[in-house]
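Reader: I have not met this structure before, and I would like to be led through it step by step. Could we begin with how its parts meet and then turn to its open spaces?

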Amino acid sequence: MTVQPQAPSPGRTAGGTLGERLLAFAGSPLFRGDARVLHAPNPYRRMLVPDSLAEPDFDRPPGPAEWASHRSLAAHRLLGTFYESETVLLPEQGLSGLYEDFSLFYGRELKDLREGSVSALERFAFACLDDAVDVSGAATPDVLDAFFQHMVAEAATGPSPALTAIAAADDRESAADLYLVQLALDGLTEASAMSRNLAGAYGPEQSALFKVFIDEFGYGVHDAKHTTIFAKMLRSRSMATHVHAYWNFYLAGPLATNNHYYYLSRDHAKFFRYAGAVTYAEAVFAPAFVEMVKVFRDIFGDSVDLHYCDEHAHIDEHHGRITREQVLLALAERHGPRVVPELLRGVAEARLIGGWFEDDTAAQIRWSDTLPRHRELAAAATTEGEPQRFALTPESPFGTRNHDRAVVLEIERGEAELITTPTGPPERMARGDAVLIPAGRLYGVRAATPETACLLHAASPG
Ligand SMILES: [Fe+2]
Ligand SMILES: [Fe+2]
């Protein structure tokens, strides 16, 4: 009898499969979470929900319609952590008591695991962009500019889905805070990805990009740095300002948006794509922040500090102009038709992923704002198969997750708190209570009694 050698799985290398390496990374004590819902001021600790990482098939990248799937959320949490490990994160209060965590986060063991998986994880997380964006036929700066202007105009028409969801919510304050949290992902570390494209020698376009970069950094004045004024906005809402207090509430769409800039900046083969993406972002920020100011003023009056939004409504008009004229079109002129499809691809990808940011945030706002309705939907839903059981105590590590399809969460024993927003009141659930959690929606459960048992039923909404 002969034994046929098995074909290696695409993700397998000498260090095991991608899934195995990711599990090893997420198994570090830094990533197992603790009982608190918000993370303490320690930028090295973030909950990667290692218990749920055996579920996803890391050989099967999420498709274009699966950006809010469980494996997409898991992949983008990991990827975001990988990317931030390539930046300098130090806690505001100093390292005393945290030096061990600092050493572990940047240490050899996690670095080896990251370096052995980052490219495969990027391919997994962003494979869905390959077919979703068609750039054929783009070869001249004129075509590029027409396409770009069209994309920007399209983004400016019609209200933002997330801001619309905030305005329509019953609890507009919690909805607005949920939106702020999605912005915090980038807001608290702003322009970190951009910094990777400043080194090298590429002429006037390099200096133009640097001009934008130093504005983001407040021209060297810490109080004017965009991150500093972002924190002021959070503080005016009595929210935490450290990296990443609200980690558990970042959604897959916003994580993907943030990761996309790192993804394009890490590999300079994608430099032209980065230039397209950053030009698109700078062009759409100004009108978006004008709209955000209107919605937030309407809810909070003068009690919220919107300096960050006003600053961007103003300066991103300028940045939009610089990046279009002195980066995007200048690169197309100088480097010719071969780079134009890549510039255009960057614009189109940024537009597409920006849509995920909006749609994911809007969907999360709508679901967390209508939990009583989702209790009714649980009663009407058809459940299938054996439920999954899990038990919690008040000391259990808190983490959030989502599912690829709708599930009904039922409390079998004890009482629990269902948590779906960073600042909204938790939803108290007693024994026998059930709620329908739609596909893709983020939630966490906390025990409210010494022992709590929950059931998760696969469900079809009724
Ligand atoms: Fe900024
Ligand atoms: Fe900007």
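Reader: How many residues of domain 2 are in contact with domain 3, and how many of domain 3 are on the other side?
Author: This is a predicted model, and contact here means heavy atoms within 4.5 Å. Counted in that way, the contacts between the two domains involve 20 residues of domain 3 and, from domain 2, 16 residues.

Reader: What are the bounds of the domains, and how far apart do the C-alpha centres of domain 2 and domain 3 lie?
Author: The chain is divided into domain 1 (18-126), domain 2 (133-368) and domain 3 (371-460). Between the C-alpha centres of domain 2 and domain 3 the distance is 34 Å.

Reader: What radius of gyration does the chain have, beside that of a compact globule?
Author: The C-alpha atoms fill a box of roughly 75 × 65 × 50 Å along the principal axes, and buried residues make up 56% of the chain. For 462 residues a compact globule would have a radius of gyration near 23 Å, and the chain agrees with this, since its own value is 23 Å.

Reader: Among contacts between residues at least 6 apart in sequence, what share joins residues at least 24 apart?
Author: The chain holds 16 helices and seven strands. Of its contacts between residues at least 6 apart in sequence, the share that joins residues at least 24 apart is 80%.

Reader: Which element gives the most to the lining of the largest pocket?
Author: The largest pocket has a volume of about 1,200 Å³, and the elements that give two or more residues to its lining include helix 12 (252-266), helix 13 (271-300), helix 14 (307-335) and helix 15 (340-368). Of the 49 lining residues, Thr257, Ala281, Val284, Phe285 and Gly354 lie nearest the centre. The most, twelve residues, comes from helix 13.

Reader: How do the residues of that lining, in the largest pocket, divide into nonpolar, polar and charged?
Author: The lining of the largest pocket has 49 residues. They divide into nine charged, twelve polar and 28 nonpolar.

Reader: Where does the second largest pocket lie with respect to the domains?
Author: The second largest pocket, with a volume of about 720 Å³, is lined by 26 residues, and Leu90, Glu92, Leu188, Thr227 and Val243 lie nearest its centre. Its lining divides into eleven nonpolar, eleven polar and four charged residues. Because residues of both domains belong to this lining, the pocket lies between domain 1 (18-126) and domain 2 (133-368).

Reader: Which peptide bond is cis, with omega near -15 degrees?
Author: One of the two residues joined by this bond, Val243, is among those nearest the centre of the second largest pocket. The other, His244, lies in the loop between helix 11 (226-236) and helix 12. The cis bond is the one from Val243 to His244.

Reader: Is Ser238 buried or exposed?
Author: Ser238 is found in the loop between helix 11 and helix 12, and its phi is near 55 degrees, a positive value in a residue other than glycine. Exposed means over 50% relative accessible area. Ser238 has 71%, so it counts as exposed.

Reader: And Ala191, is it buried or exposed?
Author: Ala191 has its place in the loop between helix 9 and helix 10 (204-216), and although it is not a glycine, it has a positive phi of about 65 degrees. Buried means under 20% relative accessible area. With 11% relative accessibility, Ala191 therefore counts as buried.

Definitions and conventions
Residues are numbered from 1 along each chain as its sequence is written. Chains are lettered from A and ligands numbered from 1 in the order in which they are written. This is a predicted model: local features need pLDDT of at least 70, side-chain atom pairs count only at pLDDT 80 or more; totals for chains, interfaces and linings use all residues. Side-chain values use heavy atoms; hydrogens and water are left out. On a 1 Å grid over the protein atoms alone, a cavity is a set of points where a 1.4 Å probe fits but cannot get out, and a pocket is an open set with protein on both sides within 12 Å along at least five of seven lines; lining residues have an atom within 4 Å of a point. Grid points are joined across faces, edges and corners, and a volume is the space filled by probe spheres set on the points. Helices (H or I, at least four residues) and strands (E, at least two) are DSSP runs, numbered from the N terminus. Ala, Val, Leu, Ile, Met, Phe, Trp, Tyr, Cys and Pro count as nonpolar, Asp, Glu, Lys and Arg as charged, and the others, Gly among them, as polar. Domain bounds come from an automatic or database domain assignment. The radius of gyration is taken over C-alpha atoms; the globule rule is 2.2 Å times the number of residues to the power 0.38. Buried means under 20% relative accessible area, exposed over 50%, partly exposed in between (1.4 Å probe, protein chains only).
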